[in-house]
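Please walk me through this protein model. Keep the sentences short and go one region at a time.

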Amino acid sequence: IQYLLGDDTCGYIGTNGLRCKAFSGDTNNTTPDSDKLFNYFYNFKEAGCKKVVMEVSSEAYFRKRLETIDYDISVITNVTSEHLNIHKTFENYLDCKCGLFRHTKKEGISILNKDDKYYDDILKACNAKNVYTYGMDKDNTIQIVSFKSLPDHTEIVYNYEGTNIEIYSPLLGDFNVY
């Protein structure tokens, strides 16, 4: 997403550290502690960034790192049974995953994978009035029409508002289609 928005006006924080056109660095966590986050936000602003794209981990909600942050846009790809060593139960994990959607601004946008088994749970947690969906069925905002995984790339056809969009992605694996 940062690549699409441009690293000159958008910062990134996540698994791969932090970066924008002006600087880059490592982070100890996918979603750093709140004091570090606000320092990074300040540094991005000073570098001319007007937006930040951030991976938000369930652990960050579990550890209360994000209680004071509200989002303009939230996106989820899927829910799996990860991080149970931290959350102890799947229910706790799912509740923490839903934190992102509870903290999306009412006038914001949430984008959900309707093919995910836990779609209804995430939808119930959405605070945003505007919810867009993606998945294989035609009733999604963005439909995955088809995809073909090849040894060195994935060919995908999406449909948005009646227009097919063909993508050739170097990312492999069905989960990358979502």
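K64 is exposed, with a relative accessible area of 58%. This is a predicted model. K64 lies in the loop between α3 and β5. Its phi is near 60 degrees, a positive value in a residue other than glycine.

E161 also has a positive phi, near 50 degrees, and is not a glycine. E161 sits in the loop between β9 and β10. At 66% relative accessibility, E161 counts as exposed, because exposed means over 50%.

**The hairpin**

The E161 loop belongs to a hairpin. β9 and β10 form this hairpin, with 2 residues between them. β9 covers residues 154-160, and β10 covers residues 163-169. The two strands run antiparallel and are joined by 7 bridges. Within the pair, I156 of β9 stands opposite I167 in β10.

**The open sheet**

Another set of strands forms an open sheet. The sheet has 4 strands, in the order β3-β2-β1-β4. Its pairing is mixed. Which strands are at the edges? They are β3 and β4 (51-54), and each pairs on one side only. β2 (residues 17-19) and β3 run antiparallel, joined by 2 bridges. In β3, S24 is the bridge partner of R19.

In a regular strand the side chains alternate between the two faces of the sheet.

**The nonpolar core**

Now turn to the buried residues. In soluble globular proteins, nonpolar side chains tend to be buried together. The largest nonpolar core here has 28 residues. Which members touch the most other members? They are L66, V79, F101 and I122. Several helices contribute to this core. α2 (34-46), α3 (58-62), α5 (90-102) and α6 (119-125) each supply at least two residues. α5 gives the most, with 7 residues.

V79 is worth a closer look. Leaving out residues up to four places away in sequence, V79 touches F90, Y93, L94, D116, Y118 and I122. One name on that list, D116, carries a charge.

**A buried charge**

D116 is found in the loop between β6 (104-113) and α6. Is D116 paired or unpaired in a salt bridge? D116 is buried yet has no salt bridge. The nearest side chain of opposite charge is K97, 8.7 Å away. A salt bridge needs the nitrogen and oxygen within 4 Å, so K97 is too far away for one.

D116 does have a partner of another kind. Its side chain reaches the backbone nitrogen of Y118 at 2.9 Å. D116 also touches N78 and V79, again not counting residues up to four places away in sequence. The contact with V79 links D116 to a member of the nonpolar core.

**Salt bridges**

Side chains of opposite charge can pair when their charged atoms come close. How many salt bridges does a search of the whole structure find? It finds 5. Three of them, including the pair of R65 and D33, are listed here.

| Pair | N to O distance | Accessibility of each residue |
|---|---|---|
| R65 and D33 | 3.1 Å | R65 9%, D33 33% |
| E59 and R63 | 2.8 Å | E59 21%, R63 43% |
| D95 and R102 | 3.4 Å | D95 43%, R102 40% |

The pair of R65 and D33 links distant parts of the chain. R65 is in the loop between α3 and β5 (71-75). D33 is in the loop between β3 (24-25) and α2. They are 32 residues apart.

Is R65 buried or exposed? R65 is buried, because its relative accessible area is 9% and buried means under 20%. Its partner D33 counts as partly exposed, at 33%.

In the second pair, E59 counts as partly exposed at 21%. R63 also counts as partly exposed, at 43%. In the third pair, D95 counts as partly exposed at 43%, and R102 does too at 40%.

**Looking back**

Compare two charged residues that are both buried. R65 is buried and meets D33 in a salt bridge. D116 is buried and has no salt bridge, but its side chain reaches the backbone nitrogen of Y118.

Key:
Residues numbered from 1 in each chain as written. Predicted model: local features only at pLDDT ≥ 70, side-chain atom pairs only at ≥ 80, totals over all residues. Heavy atoms only, no water. Core = buried A, V, L, I, M, F, W, Y, C linked by side-chain atoms within 4.5 Å. Buried < 20%, exposed > 50% of the residue type's maximum accessible area, 1.4 Å probe, protein only. Contact = heavy atoms within 4.5 Å. Polar contact = N/O pair within 3.5 Å; in protein donor to acceptor, adjacent residues only side chain to side chain. Pairing = 2+ DSSP bridges.
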